[in-house]
Amino acid sequence: MKKLMFAAMFAAAFGLSAAEANLALNKTVTASSSQDNKMVAKNAVDGKTGTRWSSQFNDAQWIMVDLGSTQKVGKVVLNWETAAGKDFKIQVSKDGKTWKDVAVKKDGKGGKETFTFKQEDARYVRMFGEKRKTQFGYSLWEFEVYAK
Ligand SMILES: [Ca+2]
């Protein structure tokens, strides 16, 4: 009887953590460029806040996560390094070709930015940069994607 109760408690706890799971964690990620061979795109989805992706130093840059399958997506968290985006969009796609804006940021201040939006069915999620905040590139410690 005690064992059953523990099993139920474990299932409840697991269910809770699954609902809040970062869908982007360790998924396939590609970017328009990398500053060098150390600051590569996968550093933005490795779950470590000490590793980062950085693009080359110009405005037109993006980073895209492939969730591996179509999922419900309703929140994106960007954890910027000092080299943040100023003007950029968060976009979602089912096929990696047709994109829908779910958030449009103007005059962003960097740091940790959370974007919540109406849940979409999406396999691909990207940060589409239009203007940088600094003279450097776009640099993210982490790019997180959640169902809600
Ligand atoms: Ca990282």
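This passage goes through the strand pairing, the nonpolar core and two unusual backbone angles of a predicted model.

Strand β6, residues 112-132, has two antiparallel partners to look at here. With β3 (residues 61-80), β6 shares 14 bridges in the antiparallel sense, and K75 sits opposite T116 of β6. With β4 (residues 85-93), the antiparallel pairing of β6 runs over eight bridges; here G85 faces R132 of β6.

Next comes the core. The largest nonpolar core takes in 29 residues, and those with the most contacts inside it are A44, I63, V65, V125, L140 and F143. At least two residues of this core come from each of β1 (28-31), β3, β4, β6 and β7 (139-146). The top contributor is β3, which puts in seven residues. As for V125, leaving aside residues up to four places away in sequence, its contacts are A24, V65, L67, V73, V76, V92 and V145.

Then there are the backbone angles. Most residues other than glycine have a negative phi. N26 goes the other way, with a positive phi near 60°. N26 belongs to the loop between α1 (2-19) and β1, and it counts as exposed because just 10 other C-beta atoms lie within 10 Å, where the cut-off for exposed is 12 or fewer. D107 is another non-glycine residue with a positive phi, this one about 55°. Its place is the loop between β5 (100-105) and β6. D107 has 8 C-beta neighbours inside 10 Å, so D107 is classed as exposed too.

Note on methods
Residues numbered from 1 in each chain as written. Predicted model: local features only at pLDDT ≥ 70, side-chain atom pairs only at ≥ 80, totals over all residues. Pairing = 2+ DSSP bridges. Helix = DSSP H or I, 4+ residues; strand = E, 2+ residues; numbered from the N terminus. Core = buried A, V, L, I, M, F, W, Y, C linked by C-beta atoms within 7 Å. Buried ≥ 20, exposed ≤ 12 C-beta atoms within 10 Å, placed from the backbone. Contact = placed C-beta atoms within 7 Å.
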